[in-house]
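Visitor: I should like a close look at a single part of this model, namely the place where two of its helices pack against each other. Please also set that part in the context of the chain.

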Amino acid sequence: MGLALTLGCAGEAGTAEALEESAEEFSTAPGEANHEEITSTALAFLKPAVLTALTAGNVSTDALLALSNAAHFDDCNFSGGAAFVAAKQAEAVRALGPSVPLPDGDALAIVAFGHSLHALQDFYAHTNWVELGGDVLVDQSLTAFPPLRPYSVVPSTGFIVVQGGKPRHLAVVRDADAPYPEYAIVTVRERRKTAYGLVSGTVDYEPGNHCPPPVAMTHDELNKDKSTVPGRTAQHLAAESLAIRQTRHEWCRLNQLVHDAWGDAGTERLAAWVADPSAAPDCSAE
Ligand SMILES: [Zn+2]
């Protein structure tokens, strides 16, 4: 699919200013993570107008894509979430190509990149990554965001992606009667080998539920969206910290992908978004 000039999709938002106005129409859904805070903390080195537009693009994910479990890593749709992140970042890269002039290209890229950040920030708040003890990023490569295939191993932690009906040779279990956070620990067994199982909470209003019934948990049972969720403050803070780190890493990934596609011209497009290069991550060390 070529470059989709979906300006209509973002309203008449051709400029950062227009996006800034539309930001007021969107508020983070009541159960959602503090995306604005995470994004502005992680990417504080960007120009204020870019950061505002990026935050608007991020938060608009809840309004524009409220029914897409992939956009929020809900319902154990890990393959869909990973594909969503990769597709949105590819969209951002295309928009930063030389054939899409400023400011439209930048505006499109900012919205698409914002959507990808939203999904990745939700990943840590909506899954049991934190409860399983995951204290590293789900992916720290600088290539396109990798697929998360059902019942594959996540290389960074060894967690198994629990999505859809389990293969017959595996047992997938959890203790639903245990208190939090123990009840969120999913175990995948293959003969004598065990590994942790990665799941996310189910959301009724989003079609499609890929969580196998024996280990499924609702969004309410698992989310760490806010510090005020009773009994989950520590987990919320852990999820927030990972979301901030992932968001900074995604800046490096975007820079790499843009350079791969468009060379120095692409790098310069992104450099123009930065207000304080000294506060930007050292992507060569990532
Ligand atoms: Zn969300």
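Guide: The account below begins with the chain, turns to the helix pair, and ends with some backbone details.

The model is a predicted one. Its chain has a mean pLDDT of 89, with 88% of the residues at 70 or more. Residues 1–28 stand apart in this respect, since pLDDT stays under 50 over that stretch. The model nevertheless has 46 contacts beyond four places in sequence for residues 1–28. Where pLDDT is low, the predicted coordinates should not be read in detail.

The secondary structure consists of seven helices and four strands, in the sequence order α-α-α-α-α-β-β-β-β-α-α. Of the 286 residues, 45% count as buried. Among contacts between residues at least 6 apart in sequence, 67% join residues at least 24 apart.

The pair in question is formed by helix α4, residues 78–95, and helix α7, residues 233–271. Two packed helices are described by the angle between their axes and the distance between the axes. Here the axes of α4 and α7 come within 10 Å and cross at roughly 50°. An angle of this kind makes α4 oblique to α7, because it falls neither under 35 degrees, as roughly parallel helices would, nor in the range of 65 to 115 that counts as roughly perpendicular. The crossing of the two helices is right-handed.

From α4, the residues that make the contact are Gln 89, Ala 92 and Val 93. From α7, they are Leu 254, Leu 257, Val 258 and Ala 261. By character, the residues of this contact divide into six nonpolar, one polar and no charged.

Beyond α4, the loop leading to α5 (104–126) holds Pro 103. This proline is joined to Leu 102 by a cis peptide bond, with omega of about -5°. A cis peptide bond also joins Tyr 180 and Pro 181, with omega of about 5°, and Pro 181 lies in the loop between β2 (171–173) and β3 (186–190).

Two loop residues have a positive phi without being glycine. Tyr 151, in the loop between α5 and β1 (160–161), has a phi of about 60°. Tyr 151 is partly exposed, because 16 other C-beta atoms lie within 10 Å, where 20 or more would be needed for a buried residue. Arg 191, in the loop between β3 and β4 (193–198), has a phi near 50°. Arg 191 counts as exposed, because it has 8 C-beta neighbours inside 10 Å and the limit for exposed residues is 12 or fewer.

Definitions and conventions:
Residues are numbered from 1 along each chain as its sequence is written. This is a predicted model: local features need pLDDT of at least 70, side-chain atom pairs count only at pLDDT 80 or more; totals for chains, interfaces and linings use all residues. Axes are lines fitted to C-alpha atoms, for helices over the stretch in contact, and angles run from 0 to 180 degrees between N-to-C directions. Angles under 35 degrees count as roughly parallel, over 145 as roughly antiparallel, 65 to 115 as roughly perpendicular and the rest as oblique. A crossing is left-handed if the near helix is turned anticlockwise from the far one by less than a right angle, and right-handed if clockwise. Two residues are in contact if their C-beta atoms, placed from the backbone, lie within 7 Å. Ala, Val, Leu, Ile, Met, Phe, Trp, Tyr, Cys and Pro count as nonpolar, Asp, Glu, Lys and Arg as charged, and the others, Gly among them, as polar. pLDDT is the predictor's confidence in each residue, from 0 to 100.
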